[in-house]
Amino acid sequence: MESVTFLDSSGLNILTSVHRHVSEAHGWLRIAGARGAAQRVLSLAGPGTVIPCNPAVGDALNA
């Protein structure tokens, strides 16, 4: 997410949908490297309660 400069409800819906589908297939989705406006939206919307949010890719892979 380091290159993401804009995130709205459509993006949040996609992340939530992908998380649901991958979880049903016994996989996982983690958000990593969100910055600026995207990080603010993620913080306000609270997907971190469902999808783990990490400061960097390495953190997400080691979580």
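Among contacts between residues at least 6 apart in sequence, 58% join residues at least 24 apart in this protein. The model in which these contacts were computed is a predicted one. Its secondary structure consists of 3 helices and 2 strands, and the elements follow one another from the N terminus in the order α-β-α-β-α. The radius of gyration is 11 Å, close to the 11 Å that the globule rule gives for 63 residues, so the protein is as compact as a globular protein of that length. Along the principal axes, the C-alpha atoms fill a box of roughly 30 × 25 × 20 Å.

The division between interior and surface was then examined. Of the 63 residues, 24% are buried. The accessible surface of the protein comes to about 4200 Å², and carbon and sulfur atoms account for 59% of this area.

In soluble globular proteins, nonpolar side chains tend to be buried together. In the present model, the largest nonpolar core has 8 residues, namely L7, L12, L15, I31, A34, A38, L42 and I51. Helices α1 and α2 each supply at least two residues of this core. For L15, the contacts beyond its neighbours within four places in sequence are with L29, I31, L42 and I51. Three of these partners, I31, L42 and I51, are listed with L15 in the core.

Two of the contacts of L15, those with L29 and I51, recur for H19, a residue of helix α1. When neighbours within four places in sequence are left aside, H19 is in contact with L29, V50 and I51. The relative accessible area of H19 is 15%, which lies under the 20% limit, and H19 is therefore classed as buried. Helix α1 also holds H21, but H21 is partly exposed, with a relative accessible area of 46%. H21 and N62 are 41 residues apart in sequence, and their C-alpha atoms are 22 Å apart in space.

A further histidine, H26, is placed in the loop between α1 (9-24) and β1 (31-32). Its relative accessibility is 76%, so H26 counts as exposed. The backbone of H26 has a phi near 65°, a positive value in a residue other than glycine.

Strand β2 spans residues 53-54 and includes N54, and C53 is also placed in this strand. N54 is buried, with a relative accessible area of 15%, whereas C53 counts as partly exposed at 38% relative accessibility. Leaving aside neighbours within four places in sequence, the contacts of N54 are with R30, I31, A32, G33, D59, A60 and A63. Among these partners, I31 and A32 are the residues of strand β1 (31-32), and I31 is also a member of the largest nonpolar core. For C53, a distance to S43 was computed: the two residues are 10 apart along the chain, and their C-alpha atoms are separated by 9.5 Å.

Side chains of opposite charge can pair when their charged atoms come close. A search of the whole structure finds 1 salt bridge. This salt bridge is formed by the side chains of R35 and E2, with an N to O distance of 3.7 Å. The pair links distant parts of the chain, 33 residues apart, with R35 in the loop between β1 and α2 (36-45) and E2 in the segment before α1. R35 counts as partly exposed at 41% relative accessibility. E2 has a relative accessible area of 51%, which is over the 50% limit, so E2 is classed as exposed.

Nonpolar residues also occur on the surface. W28, V57 and L61 form a nonpolar patch there, with about 340 Å² of accessible area together. Within this patch, V57 lies in helix α3, which comprises residues 57-62.

Technical notes:
Residues numbered from 1 in each chain as written. Predicted model: local features only at pLDDT ≥ 70, side-chain atom pairs only at ≥ 80, totals over all residues. Heavy atoms only, no water. Helix = DSSP H or I, 4+ residues; strand = E, 2+ residues; numbered from the N terminus. Buried < 20%, exposed > 50% of the residue type's maximum accessible area, 1.4 Å probe, protein only. Salt bridge = Lys/Arg side-chain N within 4 Å of Asp/Glu carboxyl O. Patch = residues over 30% accessible without salt bridge, like charges linked within 9 Å, V, L, I, M, F, W, Y side chains within 5 Å. Areas by Shrake-Rupley, 256 points an atom, 1.4 Å probe, with all protein chains shown as cover. Contact = heavy atoms within 4.5 Å. Core = buried A, V, L, I, M, F, W, Y, C linked by side-chain atoms within 4.5 Å. Rg over C-alpha atoms; globule rule 2.2 N^0.38 Å.
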